[in-house]
Amino acid sequence: MRLVSRGFAFFLLAGVPLITVAQLAEKPSLRVAQRQGRALPAGANADHNIVSLSSIGDQQQFSSIARTYNMGSSHAIIHTLFVVDRKAANQVYFLNANRFPFHEDFLRAQLLPALDRPTLNTFYSAPDRRFIMGTLGWYAELQRWVFEFWEGDRLTPELLSIAQKALAANFFAPLTFKANSTRQEVVGSQLGIATLTETQILGQRNYNALNIGTAIGRLRLVNNIEDES
């Protein structure tokens, strides 16, 4: 008898140590998708002529600049990138993620043509940085709009507060902050806002496929497990 298995390798999360759960955590990351040889499809109403939006008034407008992580999965995340410019009275730019794969691409094309790597790094580390950069998206499995930052971003309560207020004032639906590091969890707690974590997301899943695909093998039926014949 031949056995065909789809989504062959999986773990029951209830029995997986916490450290393993942390290793399985996923965020809408283009770099991760590229390493895995995956593309991030554009939204249903993608419009490549759009550079960025200063506000998003509905789902269709969001879809015009969004791309999808884990397309076709129950864990799909339809998302885009955002930049908050503190030098311009906290102006928000919702980027066309299909036109600008990374924040730095947008900054060089629209605001800082001579942006170098050391300066870019300060936008993730300095408390007095000019730009606050993150991701905003719809988490299908949570049925919730979420905004988040790179796990290495050294957020402060002030920076998180600025980003939260700027996004809330220019987005059509309520947003939840997702912490991607212990440091960010602490910042969310210090600010006193509801904070979502990867552990909470993964804890509600029944299983998580490690290698999605098809495997073919033989299934043997034995009356006695000690019978080697």
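Here are some notes on this predicted model, covering its overall make-up, its charged pairs, its aromatic pairs and one histidine.

1. **The chain as a whole.** The protein chain contains 8 helices and 12 strands. It has 229 residues, and 41% of them count as buried. The exposed surface of the protein chain comes to about 12,800 Å², with carbon and sulfur atoms supplying 51% of it. On the contact side, if you take pairs in the protein chain at least 6 apart in sequence, 65% of those contacts join residues at least 24 apart.

2. **Salt bridges, and a pair to start with.** You will find 8 salt bridges in the structure. One of them joins the side chains of E158 and R86, with an N to O distance of 3.5 Å. Why does this pair tie together separate parts of the chain? E158 belongs to helix α6 (residues 157–168), while R86 is in the loop between β5 (77–85) and β6 (91–95), so the bridge connects parts that are 72 residues apart in sequence. As for exposure, E158 is partly exposed at a relative accessible area of 47%, and R86 is also partly exposed, at 24%.

3. **A bridge inside one helix.** E104 and R108 form a salt bridge in which the closest N and O atoms are 3.0 Å apart. Both residues sit in helix α4 (residues 103–111), and their spacing of 4 residues is about one turn of the helix. Are the two partners buried or partly exposed? E104 has 11% relative accessibility, which is under the 20% limit, so E104 counts as buried. R108, at 28%, counts as partly exposed.

4. **A buried bridge.** E198 pairs with K178 in a salt bridge whose closest N and O atoms are 2.7 Å apart. This pair links distant parts of the chain, with E198 in helix α8 (residues 198–203) and K178 in strand β9 (residues 176–179), 20 residues apart. Both E198 and K178 are buried.

5. **A shared network.** Which residues are joined into one network by salt bridges that share partners? They are R31, E104, R108 and R117. When you look at the E104 and R108 bridge in helix α4, it is worth displaying R31 and R117 along with it, as they belong to that network.

6. **Aromatic pairs, beginning with F100 and F106.** The count of aromatic pairs comes to 15. In one of them, the ring centres of F100 and F106 are 5.5 Å apart and the planes stand at 85°, so the pair is edge-to-face. F100 is buried, with a relative accessible area of 7%. F106 is buried as well, at 1%.

7. **W145 and F172.** How are the rings of W145 and F172 arranged? Their centres are 5.5 Å apart and their planes meet at 80°, which is over the 60 degrees required, so this pair is edge-to-face. The two residues come from distant parts of the chain: W145 lies in strand β8 (residues 144–148) and F172 in the loop between α6 and β9, 27 residues apart. W145 is buried, with a relative accessible area of 6%, whereas F172 counts as partly exposed at 34%.

8. **The aromatic cluster.** W145 and F172 also belong to one aromatic cluster, together with F62, F94, W138 and F171.

9. **Charges over rings.** Two arginines are placed over aromatic rings. R31 lies over the face of F102, 3.9 Å from the ring centre. R31 is also part of the salt-bridge network described above. The charged end of R38 sits over the ring of Y69, at 4.9 Å from its centre.

10. **A look at H48.** Where in the chain does H48 lie? H48 is in the loop between α2 (30–35) and β3 (52–53). H48 is partly exposed, with a relative accessible area of 48%. Leaving aside residues up to four places away in sequence, H48 touches N96, N98 and R99. H48 is also 9.8 Å from F100, C-alpha to C-alpha, with their positions 52 residues apart in sequence. F100 is the buried partner of F106 from the aromatic pair above.

Methods. Residues are numbered from 1 along each chain as its sequence is written. This is a predicted model: local features need pLDDT of at least 70, side-chain atom pairs count only at pLDDT 80 or more; totals for chains, interfaces and linings use all residues. Side-chain values use heavy atoms; hydrogens and water are left out. A salt bridge is a side-chain nitrogen of Lys or Arg within 4 Å of a carboxyl oxygen of Asp or Glu. Buried means under 20% relative accessible area, exposed over 50%, partly exposed in between (1.4 Å probe, protein chains only). Rings of Phe, Tyr and Trp (its six-membered ring) pair if their centres lie within 6.5 Å; planes under 30 degrees apart count as stacked, over 60 as edge-to-face and the rest as tilted. A charge sits over a ring if NZ of Lys or CZ of Arg is within 6 Å of the ring centre and within 35 degrees of the ring normal. Contact means heavy atoms within 4.5 Å. Accessible areas come from the Shrake-Rupley method with a 1.4 Å probe; for residues, only the protein chains shown count as cover.
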